[in-house]
Amino acid sequence: MSRRDDRMQLMTEPRTPREDIARTWSRVAYEDDRRPETGFSVLVPHGWDTHPPARPAGAAGTADAPEGGLMPLAVWSDPDADARVEVSAQAMRRELAPADWMVEWLKANDFEVLAARRIASPAGALGDVLAVKRAAPEARIYRLRSYKSGPLLFLVAASVARHRFDALEETLFIGTEGFRLTGAASPVPAEPLREVTLTAPAPARFVIPAIWVQQRDDQLREGQAWRFANPATEDHMVGLIYVATIPHDGAAGHDELADRLTASFRKDQEIEIQETPLRRVSEPDAQVDVREARVPARRANGERVRLELVIARDPARWSVFALLGNRPDPDPLLVDAINRRAFEIVVASFADATAAA
């Protein structure tokens, strides 16, 4: 999601005091006894009408959804039926961040992104976008936000005719920001996870989606390393995650480990890699020194490759993480999004296992 129009700004706080919003908006609940997991509530201005969903919300680019795409749940509109808020949902078979899903959904459904941001959440980054529909019968501005609970992804789409956007921009923002799942969002991922343990130079563990194929990497002289491959089919892999733990005296520093890893990928994967310096992402006085890089890379045929490195030095070890995966554009099967989320889960879940050993 990239910003395309410098004149558009993404509202992140309402202009109206929130106590005034509470007096002039109503929190409306949606419940379906057949699908209790889809329960939610939204903020709706007083005087708006409720409608049954009138149309499919768009299936293109959502190959992991049942019946091919989003299922419309509910619609609210102003008395002129112009400004409206629509909520849709779909079940996901693979774990991915809502913001990454949204990138491909917007492309597939012919939206032009005017401004965007990613909002951190335990379910992965949420997407928050201001966009206009290309070649639509009427010019409409959309404020869209994606949410996730367990295997369910929700899309909240607030829209209005373009000539009314300035007057109703805040209404669109509140309509998407005010979405709440019934109860707390489920932390259960869309696919099963399994725990992986390492024993040298000190016990550690992490989790990864169970479908990834695990293989021991015996190239390290000291420490331990694992490779995990994301299978598109039985004999075709579309993503690789590398995890290694190394004793302190096994490397001179972060940069040396990054050089060793990229050299190995150049040879084993036959890719061209652009040298990119690591940047420190931990606090200067933090006990764990974490550095990362997103490295431009391509195959010999010009195909783009995602290469991300995370290298950490903690009191017990060096920990090295790398993601190598295809970056198709467009990406209707959401390969890149699935790879990125798996890598995020691995890095975030990595923990010392000394106490449990």
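## Close-up views of a predicted model

**View 1. Helix H3 from end to end.** Helix H3 covers residues 165–177, which makes 13 residues, and its first and last C-alpha atoms sit 17 Å apart, close to the 18 Å expected at 1.5 Å a residue. Keep in mind that this is a predicted model. Is H3 largely enclosed by the rest of the structure, or left open? With 11 of its 13 residues buried, H3 is largely enclosed. Among the buried ones you can pick out Phe165, Leu168, Leu172, Phe173 and Ile174. Glu169, Glu170 and Glu177 are on the buried list too, along with Thr171, Gly175 and Thr176.

**View 2. A hairpin made by E11 and E12.** Here strand E11 (residues 193–198) pairs with strand E12 (residues 204–209). In which sense do they pair? The pairing is antiparallel, and it runs over six bridges. To find your place, look for Glu195, which stands opposite Val207 in E12. Five residues lie between E11 and E12, and the two strands form a hairpin.

**View 3. A salt bridge inside helix H2.** Lys107 and Glu104 join their side chains in a salt bridge, with 3.4 Å from N to O. Where do these partners lie? Both are in helix H2 (residues 98–108), three residues apart, or about one turn of the helix. Check how much of each partner is accessible: Lys107 is partly exposed, at a relative accessible area of 39%, while Glu104 is buried, at 9%.

**View 4. A salt bridge from strand to strand.** Now look at Asp128 and Arg117, whose closest N and O atoms are 2.8 Å apart in a salt bridge. Asp128 belongs to strand E7 (residues 126–133) and Arg117 to strand E6 (residues 111–119), so this pair ties together parts that are 11 residues apart in sequence. Asp128 is buried, with a relative accessible area of 0%. Arg117 is partly exposed, with 27%.

**View 5. One more pair, and a network.** Glu303 and Arg299 bring their side chains together in a salt bridge, at 3.2 Å from N to O. Glu303 counts as partly exposed, because its relative accessibility is 30%, and buried means under 20% while exposed means over 50%. Which residues are joined into one network by salt bridges that share partners? They are Arg279, Glu292, Arg294, Arg306, Glu308 and Asp336. If you feel like hunting for others, the count of salt bridges comes to 36.

Methods:
Residues numbered from 1 in each chain as written. Predicted model: local features only at pLDDT ≥ 70, side-chain atom pairs only at ≥ 80, totals over all residues. Heavy atoms only, no water. Helix = DSSP H or I, 4+ residues; strand = E, 2+ residues; numbered from the N terminus. Expected span 1.5 Å × (residues − 1). Buried < 20%, exposed > 50% of the residue type's maximum accessible area, 1.4 Å probe, protein only. Pairing = 2+ DSSP bridges. Salt bridge = Lys/Arg side-chain N within 4 Å of Asp/Glu carboxyl O.
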